[in-house]
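Biologist: Please take one spot in this model and look at it closely for me. Then work outwards from there, and keep it chatty.

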Amino acid sequence: MMARLLRGALAAICLLLSVIAAPAWNPGEALQDPVLEQRARAISAELRCLVCQNQSIDDSDADLARDLRVLVRQRLVVGDTDSEVFDFMVARYGEFVLLKPRMGAKTWLLWGLPVALLLTGCGVLFLGNRKRSNSRRLPELTDSEKERLAEIVQSQ
């Protein structure tokens, strides 16, 4: 009884996982030219679904993602290169449409600012600690204190 229940639960999980992993694009969207279709799929994998936001338009089943997949294929049929298709999509929807943003001034600022802040914080901590350790330094022993210390050490 328990084994049958476990097999049923396992089958249900496998069924759910197979549905999740299914591609969202329709075979009816596919281009007749296999080279163009392969380029379209590669481009679609690099573009973000503006509805889902963490999926590519190739993986999303949202209506907008379908429209974007069709638009990519239309641009390829017209004769656009891959970079022209990306430029067109960025011009129309902004940099957010790219799953992997291009390196530019904004991107350098986005990635460089946290590193700069971390290095600045480490520098401040280092200099503050150094200044504090210098201020806590004990005064030098006088000659009489050194002699007394030597006597104590020898007596033990």
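**A close look at Val90**

Modeller: Let's start with Val90, which counts as buried because its relative accessibility is 15%, and the cut-off for buried is under 20%. Bear in mind that this is a predicted model. Val90 sits in helix H4, which covers residues 82-93. That helix has twelve residues, and it reaches 16 Å from its first C-alpha to its last, close to the 16 Å expected at 1.5 Å a residue.

Val90 has company in H4: Val85, Phe86 and Met89 are buried too. Looking down the axis of H4, you'd find its buried residues within an arc of 130 degrees, so they line one face of the helix. If you want the background, an α-helix has 3.6 residues a turn, so residues three or four places apart point the same way.

What lies across from Val90? One partner to look at is Leu47: 43 residues separate Val90 and Leu47 in sequence, but their C-alpha atoms are 9.6 Å apart in space.

Now to another helix. H2 spans residues 34-46. H2 has 13 residues and runs 19 Å from its first C-alpha to its last, close to the expected 18 Å at 1.5 Å a residue. Its buried residues are Leu36, Glu37, Ala40, Ile43 and Ser44. Viewed down the axis of H2, they fall within an arc of 125 degrees, so here too the buried residues line one face of the helix. Flip to the other side of H2 and you meet Pro34, Val35 and Gln38, which are exposed.

Carry on along the chain and you come to the cysteines. Zero disulfides are counted in this model. Cys49 is in no disulfide, as the nearest cysteine sulfur, that of Cys52, is 3.5 Å away. Why doesn't the sulfur of Cys52 make a bond with the one in Cys49? At 3.5 Å it is too far for a bond, because a pair of sulfur atoms has to be within 2.5 Å to count. The two cysteines also have their own accessibility values: Cys49 is buried at 0% relative accessibility, while Cys52 is partly exposed, with a relative accessible area of 32%.

Next stop is Ile57, in the loop between helix H2 and helix H3 (63-78). Is this loop residue buried or exposed? Ile57 is buried, with a relative accessible area of 0%. It can be related back to H2 through Arg41: Ile57 and Arg41 are 16 residues apart in sequence, and 9.4 Å apart in space from C-alpha to C-alpha.

There's a pocket to look at as well. Which residues line the largest pocket? They are Arg48, Glu95, Phe96, Leu98, Pro101, Arg102, Met103, Gly104, Lys106, Thr107 and Leu110. By type, that lining divides into five nonpolar, two polar and four charged residues. The space in the largest pocket comes to about 230 Å³.

Finally, step back to the whole chain. The protein has six helices and zero strands, so from the N terminus on its elements run α-α-α-α-α-α. It has 156 residues, of which 19% count as buried. Val90, our starting point, is one that counts as buried, and Ile57 in its loop is another.

How values were computed: Residues numbered from 1 in each chain as written. Predicted model: local features only at pLDDT ≥ 70, side-chain atom pairs only at ≥ 80, totals over all residues. Heavy atoms only, no water. Buried < 20%, exposed > 50% of the residue type's maximum accessible area, 1.4 Å probe, protein only. 1 Å grid on protein atoms, 1.4 Å probe; cavity = no way out; pocket = protein on both sides within 12 Å on 5 of 7 lines; lining within 4 Å. Points joined across faces, edges and corners; volume = space filled by probe spheres on them. Nonpolar A, V, L, I, M, F, W, Y, C, P; charged D, E, K, R; others polar. Helix = DSSP H or I, 4+ residues; strand = E, 2+ residues; numbered from the N terminus. Expected span 1.5 Å × (residues − 1). Arc of directions from axis to C-beta.
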